[in-house]
Amino acid sequence: MSAPLPVTWQKGIYLPEPALWLDAHGGQGLSFVSHAHADHVANHRHIVCSVPTAHLLRERFGFTAPITALEFGQPWEHGGHRMVLAPAGHVLGSAMIHVTRLADGESLLYTGDFKLRHGLTAEPAQPLPADTVIMECTFGQPHYQFPPLEEVRAAIHRWCRDALDNGSVPVLFGYSLGKAQETQALLAGEDLAIAVHPAVAGMNEAYEQLGVTLPPWEKYIGDSGGRVLVFPPNTVRSTPLRKIKNKVTAMVSGWA
Ligand SMILES: [Zn+2]
């Protein structure tokens, strides 16, 4: 039997044999970046990530470091190991990395943030079998049971419709990357007009450039006009929202 791939923790997960960091927090040498959420991204000397994540890092966040951008399933050999990315289903471009030691075939899968239920705006997760698995476990405890997506979608529609019928402005909060787009996709086909915060608008454009179809949306410019607003959670106390006296708000985390 071959020995497992060594894994160390040095303020981040590190695989010493291929000299590869996994979502390292501080700037490091070579690091895999599983997706473009801020808590997974840092200024490394060399980044390996999926093609959509590379697009987001360069176009939306202005990264200039060298990036090895891999298609899902496209093998890349480095330091005596073969790396393959698989979709993680968390946000567009989110990836797991599968590492195989070429000498003996010993393998490891690092999931990053992942979601097994199919989303509307991210590639469906496709975990690969491996000898060692390092995984995010936010909802790993078996007592977490979530309602079916259709139920959640219907509840969100009803909530928005009730708010509009009552003359209120419904505001849905979701992270500008990924969760806001998923929220908009959930609203599709319900005859609900959508206006989004500028940060969400920028990310919507990036998603559309990457081939994702979103329902019609416009950038919020101070007039809600019977629309559902989709804003990032950190704008909850911002001036534009404070000005809307008759709003009702809800958070759509999308984590599960
Ligand atoms: Zn994330």
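**Figure 1. Surroundings of A199 in helix α4.** A199 lies in helix α4 of this predicted model. With a relative accessible area of 27%, A199 is partly exposed, because the partly exposed class falls between the buried limit of 20% and the exposed limit of 50%. Apart from neighbours within four places in sequence, the residues in contact with A199 are S176 and P232. A154 is separated from A199 by 45 residues in sequence and by 26 Å in space, taken from C-alpha to C-alpha.

**Figure 2. Packing of helix α3.** Helix α3 spans residues 179-187 and is mostly covered, with nine of its nine residues buried. These buried residues are K179, A180, Q181, E182, T183, Q184, A185, L186 and L187. The elements against which they pack are the helices α2 (149-165) and α4 (198-209), together with the strands β12 (169-173), β13 (194-196) and β15 (228-231). After α3 comes G189, which has a positive phi near 75°.

**Figure 3. Packing of helix α1.** Helix α1 covers residues 51-60, and its buried residues are P52, T53, A54, L56 and L57. The cover over these residues includes β5, β6 (67-70) and α4. G62 follows α1 and has a positive phi, near 70°.

**Figure 4. Coordination of the zinc ion.** Three histidines and one aspartate coordinate the zinc ion: H35 through NE2, H37 through ND1, H90 through NE2 and D113 through OD, at 2.2 to 2.6 Å. The angles subtended by the four donor atoms run from 86 to 174°, which makes the arrangement irregular. The upper value is decisive for the tetrahedral class, because that class requires all angles to lie between 85 and 135 degrees. For reference, ideal angles at a metal are 109.5 degrees for four tetrahedral donors. Along the chain, the donors follow the spacing H-x1-H-x52-H-x22-D. The pair H35 and D113 links distant parts of the chain, 78 residues apart: H35 is in the loop between β4 (30-32) and β5 (46-50), and D113 is in the loop between β10 (107-110) and β11 (132-134). H35 counts as buried, at 0% relative accessibility. D113 is buried as well, with a relative accessible area of 15%.

**Figure 5. Environment of S107 in strand β10.** S107 is found in strand β10. Its relative accessible area is 7%, so S107 is buried. When residues up to four places away in sequence are not counted, S107 touches L5, H98, V99, T100, P129, A130, D131 and T132.

**Figure 6. Salt-bridge network at R101.** The structure holds four salt bridges. One of them is formed by R101 with E17, the closest N and O atoms being 2.8 Å apart. R101 lies in strand β9 (residues 95-101) and E17 in the loop between β2 (13-15) and β3 (20-22), so this pair ties together parts that are 84 residues apart in sequence. R101 is buried, with a relative accessible area of 10%, whereas E17 counts as partly exposed at 38% relative accessibility. The side chain of R101 also meets that of D104 in a salt bridge, at 3.0 Å from N to O. D104 is partly exposed, with a relative accessible area of 37%.

**Figure 7. Salt bridge between R227 and E218.** The side chains of R227 and E218 meet in a salt bridge, with an N to O distance of 3.0 Å. R227 counts as buried, at 17% relative accessibility, and E218 as partly exposed, at 38%. Elsewhere, salt bridges that share partners join E17, R101 and D104 into one network.

**Figure 8. Contact between domain 1 and domain 2.** The protein is divided into domain 1 (8-134) and domain 2 (149-251), and the C-alpha centres of the two domains lie 30 Å apart. Domain 1 contributes 16 residues to the contact and domain 2 contributes 18 residues. The area buried between the domains is about 1,500 Å², of which carbon and sulfur atoms give 68%. The number of salt bridges between domain 1 and domain 2 is zero.

Conventions. Residues are numbered from 1 along each chain as its sequence is written. This is a predicted model: local features need pLDDT of at least 70, side-chain atom pairs count only at pLDDT 80 or more; totals for chains, interfaces and linings use all residues. Side-chain values use heavy atoms; hydrogens and water are left out. Donors are N, O and S atoms within 2.8 Å of the metal (3.2 Å for Na, K and Ca); water is not among the atoms, so sites may look incomplete. Four donors count as tetrahedral if all angles lie between 85 and 135 degrees; four count as square planar and six as octahedral if opposite donors are over 155 degrees apart and all others between 65 and 115; anything else is irregular. Helices (H or I, at least four residues) and strands (E, at least two) are DSSP runs, numbered from the N terminus. Buried means under 20% relative accessible area, exposed over 50%, partly exposed in between (1.4 Å probe, protein chains only). Contact means heavy atoms within 4.5 Å. Domain bounds come from an automatic or database domain assignment. Buried area is the accessible area (1.4 Å probe) that two parts lose on being put together, summed over both.
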